[in-house]
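Work through the exercises below with the structure open. Try each task before reading its solution.

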Amino acid sequence: MDNQTRCGYVAIVGRPNVGKSTLLNRILGQKLSITSKKPQTTRHQILGIKTEDELQVIYVDTPGLHNDTGGNALNRYMNKAASEALRHVDLVVFIVDRTAWTDEDQIVLEKLEHVKCPVILAVNKVDILKEKESLLPWIESLNTKREFDQIIPISAHKGHNVDQLESAVESYMPEGMHFYPEDQITDRSSRFVASELVREKLMRNLGDEVPYGTTVEIEEFTQDERGLLTISALILVEREGQKRIVIGDKGERIKVIGRDARLDMEKMFDAKVMLNLWVKVKRGWADNERALASLGYRND
């Protein structure tokens, strides 16, 4: 083993909508995890791999931990995926939103009680904190909740202090061989990335309720000799009314969703894309364990 080669796993955890996926995308320098202003945009555990010279850091982006009492099977799946990420990592980055502390932050903190590895607290969105003078007393008060190894204020969106966070992460990475080739940025397939990009556009273009009743299944992903990617995606909804909302008046909304998703896919895959979208009603998919597994929601 080369003593100078280092490699480790870092779990990024926090309640929904605190900026976990935005932080991962910022660190990687490109879009991998989908984002929106709606909570629980991330549903799966996603690995983002960053390799620089002798150092390889494998970031685990997780769904937001939340209270799933009375929730459906999808909510239970997301919480389990987030909790599982804590089991075998070398470091945890716990993200909170400015000077707000909620019951869901407390749930995350309690999950960390049994974690044996170091924990860095990242206080995100400090660029939009109105009362800047409140930050230092707030950071000091956080230390009374747990003895964090480091507390670092950041802005994942603007990039403020993210380099300082990365330097801190690097200092905790153990010696070891790299697990992935240096040009690989995720463990997820191109089909998975394509489905997530469509789902992101659904989250961004629909109202508050409909996105949580939707999921996306890729039925075709082929590339011809000219390099053209043909991707066919099936958008599943739970009710007929949701189908009409997704399609929109005269099909206008689904056109916008398809256009935005296609443009992101062309950047991601560095190829021209022909994207076909269909919408289908599949009642109760979000509360059916077998249906979830068939759609790729598995905690292996």
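**Exercise 1. Classify tyrosine 9 and phenylalanine 179 by accessibility, then describe their ring pair.**

Step 1. This is a predicted model, and the classes rest on computed areas. Buried means under 20% relative accessible area, and exposed means over 50%.
Step 2. Tyrosine 9 has a relative accessible area of 21%, so tyrosine 9 is partly exposed.
Step 3. Phenylalanine 179 comes to 52%, so phenylalanine 179 is exposed.
Step 4. Now take the rings. A search of the whole structure gives four aromatic pairs. In one of them, tyrosine 9 and phenylalanine 179 lie 5.7 Å centre to centre, with 40 degrees between the planes. That pair is tilted.
Step 5. Place the partners. Tyrosine 9 is in strand S1, and phenylalanine 179 is in the loop between H5 and helix H6 (190–205). The pair therefore ties together parts 170 residues apart in sequence.

**Exercise 2. Analyse the pair of phenylalanine 94 and phenylalanine 148, and find what joins them.**

Step 1. The ring centres are 6.3 Å apart and the planes meet at 45 degrees, so this pair is tilted.
Step 2. Phenylalanine 94 belongs to strand S4, while phenylalanine 148 is in the loop between H4 and strand S6 (150–153). They are 54 residues apart, so the pair links distant parts of the chain.
Step 3. Both phenylalanine 94 and phenylalanine 148 are buried.
Step 4. Add Trp101: Phe94, Trp101 and Phe148 make up one aromatic cluster.
Step 5. Look for charges over rings. The charged end of lysine 145 sits over the ring of tryptophan 101, 4.7 Å from its centre. Elsewhere, the charged end of arginine 188 sits over the ring of phenylalanine 192, at 4.2 Å from its centre.

**Exercise 3. Map the largest nonpolar core and the surroundings of tyrosine 59.**

Step 1. Start from the rule: in soluble globular proteins, nonpolar side chains tend to be buried together.
Step 2. The largest nonpolar core has 26 residues; Val10, Leu23, Tyr59, Leu165 and Val169 touch the most other members.
Step 3. At least two core residues come from each of S1 (6–13), H1 (20–28), S3 (55–61), S4 (91–97), S5 (119–124) and H5 (162–171).
Step 4. A second, separate core holds 24 residues, among them Leu197, Ala261, Met265 and Ala271.
Step 5. Leave out neighbours within four places in sequence. Tyrosine 59 is then in contact with residues including Val10, Ile12, Leu24, Ile27 and Val169. Glu166 is also one of its contacts.

**Exercise 4. Which residues have a positive phi although they are not glycine?**

Step 1. Lysine 125 has a phi of about 65 degrees. Lysine 125 is in the loop between S5 and helix H4 (135–142).
Step 2. Aspartate 270 has a phi of about 50 degrees. Its place is the loop between helix H8 (252–269) and strand S9 (273–281).
Step 3. Check accessibility. Aspartate 270 has 71% relative accessibility, so aspartate 270 counts as exposed.

**Exercise 5. Decide where the model deserves caution.**

Step 1. Mean pLDDT for the chain is 83, and 80% of its residues reach 70 or more.
Step 2. Compare elements. H5 has the highest mean pLDDT (97), and helix H9 (residues 289–294) the lowest (49).
Step 3. Mark the weak stretches. Over residues 66–70, pLDDT stays under 50. Over residues 291–295, pLDDT also stays under 50.

Note on methods: Residues are numbered from 1 along each chain as its sequence is written. Side-chain values use heavy atoms; hydrogens and water are left out. A nonpolar core is a set of buried Ala, Val, Leu, Ile, Met, Phe, Trp, Tyr and Cys residues joined through side-chain atoms within 4.5 Å. Buried means under 20% relative accessible area, exposed over 50%, partly exposed in between (1.4 Å probe, protein chains only). Helices (H or I, at least four residues) and strands (E, at least two) are DSSP runs, numbered from the N terminus. Contact means heavy atoms within 4.5 Å. pLDDT is the predictor's confidence in each residue, from 0 to 100. Rings of Phe, Tyr and Trp (its six-membered ring) pair if their centres lie within 6.5 Å; planes under 30 degrees apart count as stacked, over 60 as edge-to-face and the rest as tilted. A charge sits over a ring if NZ of Lys or CZ of Arg is within 6 Å of the ring centre and within 35 degrees of the ring normal.
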